[in-house]
Amino acid sequence: MPAMRRTCSTCHNGVEQDGESAGKTDFQEMFPGAAGKTEVESGHVAKKKALIAGATGVVGRNLLKHLVEIGGWDIVALSRRRPDVTGPYEHIAVDLMDPANCKAQLGALSDVTHIFFAAYVEKPDLTDWVNSNVTMLRNLVETIEPVAGGLQHIHAMHGTKWYGSHLGPFKTPARENDTRHMPPNFYYDQWDYLVEQQKGKDWTCSSARPHAISGFAVGNPMNLTMVISVYAAISKELGMPLCHPGTAGNYSALYQCTDSGLLARAMVWMATTPACANEAFNITNGDLIRWENTWPKIADYFGMEAGPRRQINLAKYMADKGPVWERIVAKHGLQPIPYQQIVSWPYGDHVFTPGYDIISDTGKARRFGFHESIDTEDMFFRLWDQFREAKIIPA
Ligand SMILES: NC(=O)c1ccc[n+]([C@@H]2O[C@H](COP(=O)([O-])OP(=O)(O)OC[C@H]3O[C@@H](n4cnc5c(N)ncnc54)[C@H](OP(=O)(O)O)[C@@H]3O)[C@@H](O)[C@H]2O)c1
């Protein structure tokens with residue numbers, strides 16, 4: 001059966017465009033009724049079934065939590081490990097790198113309507129990095145698409161690396177249609193694959209481009225809130241003040257973050273709002289920070305003095321601090337999450353080394369109808385309150 005949004009006469013009438021003529025794309029010229037209201041606003045709510053790939057990651061876990069909380073979705077969570085989220089959903093352990101395993105485990109999921117792709121694997125070699133991340137997406141799409149006749153949407157999680165934020169100073173504020181950097185970049189390959197695969201089909205795709213996603217997930221290598229809070233706990237245990245561990249340029253540059261809950265809500269918005277069909281959106285909290293302003297408040301939150309900025313390579317200098325962390329865990333009765341899984345220091349170096357502004361323009365998402373914003377400092381403190389309550393970090 002074709003996707004409802006393509007066949008419903010209600011959707012093809014009286015579409016309100018919210019004054020966003022600039023947001024009208026080639027795709028929407030072809031399908032004028034696809035722009036405008038959400039399914040809920042347009043008066044018909046079809047039964048939706050979400051397939052979340054990467055359900056134990058910081059993106060997928062928090063999307064899973066969000067969908068469980070809002071209800072109205074059948075949910076299948078995919079990952080090799082079991083997610084720690086409670087609620088009504090099915091978890092299927094699958095290796096997305098293995099096409100035969102995908103077919104065996106997922107080939108019967110004929111009622112999936114929405115795929116949220118947030119699986120990710122880090123690889124040191126660039127070619128391997130691209131191939132592995134594209135292979136996982138292809139294996140999933142090429143398993144589900146032939147059997148799921150009601151497939152409506154595939155959302156792929158990307159990020160500011162689209163603009164080359166990891167390579168050096170880049171044009172800021174970065175806009176969604178900025179020119180690409182010299183590949184390889186697996187985001188480009190995943191997006192080009194989806195756009196090509198989508199041609200002539202009833203389903204649409206979208207992509208979010210967040211930065212420094214903040215939330216909780218065990219074993220998540222890219223998690224700024226864990227880097228800062230574990231670094232603070234270890235500094236405190238060693239009787240030290242909280243020194244910003246990055247470069248001078250990093251301390252004063254403008255920086256942005258994305259709350260994982262806000263991101264989950266944005267993903268659902270993109271996947272269910274016809275105007276977002278085949279579009280990518282920068283998704284951040286909507287404000288900017290400079291560590292030089294925020295750092296003293298962070299020190300204060302952890303009951304510490306803010307020390308002088310002192311650059312260290314976190315990957316090297318924190319590598320031997322496992323025993324200190326174990327002492328902290330025992331002293332404060334924390335969850336026994338292994339040191340190697342609770343934090344990734346190379347990710348900390350990735351955050352605290354660049355001495356240039358990291359800014360995305362989030363105007364497009366607002367013009368298309370996503371208006372949420374979050375105060376980044378409040379977000380840090382709220383998340384750390386939650387981590388403290390869950391006995392992940394010391395109170
Ligand atoms: N974290 C950030 O700050 C950030 C910022 C901007 C953009 N992004 C983008 O967001 C996306 C998701 O990143 P993330 O930080 O959420 O990643 P993550 O926390 O490392 O999670 C990766 C997920 O992929 C799953 N996975 C990996 N290999 C798999 C395999 N072979 N089969 C099945 N599942 C597999 C993992 O589950 P199992 O290990 O349990 O199988 C896990 O659930 C990435 O594209 C990333 O570039 C992240």
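**Exercise 1. The ligand shell**

Task: In this predicted model, find how many residues surround the ligand and which are the closest.

Solution.
Step 1. Count the shell: 29 residues surround the ligand.
Step 2. Pick out the closest ones, which are Gly-54, Gly-57, Arg-80, Gly-159 and Met-222.
Step 3. Sort the shell by class. It holds 18 nonpolar, 8 polar and 3 charged residues.
Step 4. Look for the element that gives the most to the shell. Helix α3 (residues 58-70) does, with 3 residues.
Step 5. Assign the shell to domains. Domain 1 (48-210 + 260-282) and domain 2 (214-257 + 287-360 + 371-389) each supply at least three residues.

**Exercise 2. The surroundings of strand β6**

Task: Decide how many residues of strand β6 (residues 204-209) are buried, and which residues lie on each side.

Solution.
Step 1. Apply the cut-off: a residue is buried if 20 or more other C-beta atoms lie within 10 Å of its own.
Step 2. By this test, 6 of the 6 residues of β6 are buried, and the strand is mostly covered.
Step 3. Separate the two faces. Thr-204, Ser-206 and Ala-208 are on one side, with Cys-205, Ser-207 and Arg-209 on the other; both faces are covered.

**Exercise 3. The partners of β6**

Task: Establish which strands are joined to β6 by bridges, and how many bridges join each.

Solution.
Step 1. Start with strand β5 (residues 153-157), which runs parallel to β6 and is joined to it by 5 bridges.
Step 2. Locate one pair: His-155 has Ser-206 as its bridge partner in β6.
Step 3. Trace the connection. From β5 the chain passes through helix α6 (residues 186-198) to β6, a right-handed β-α-β crossover.
Step 4. Turn to strand β9 (residues 279-282), also parallel to β6, with 4 bridges between them.
Step 5. Here Ser-207 stands opposite Ala-280 of β9.

Key: Residues are numbered from 1 along each chain as its sequence is written. This is a predicted model: local features need pLDDT of at least 70, side-chain atom pairs count only at pLDDT 80 or more; totals for chains, interfaces and linings use all residues. A residue is near a molecule or strand if its C-beta atom, placed from the backbone, lies within 6 Å of it. Helices (H or I, at least four residues) and strands (E, at least two) are DSSP runs, numbered from the N terminus. Ala, Val, Leu, Ile, Met, Phe, Trp, Tyr, Cys and Pro count as nonpolar, Asp, Glu, Lys and Arg as charged, and the others, Gly among them, as polar. Domain bounds come from an automatic or database domain assignment. A residue is buried if 20 or more other C-beta atoms lie within 10 Å of its own, exposed if 12 or fewer, and partly exposed in between; C-beta atoms are placed from the backbone. Two strands pair if DSSP finds at least two bridges between them. A crossover is right-handed if, with the strands pointing away from the viewer, the path from the first strand over the helix to the second runs clockwise.
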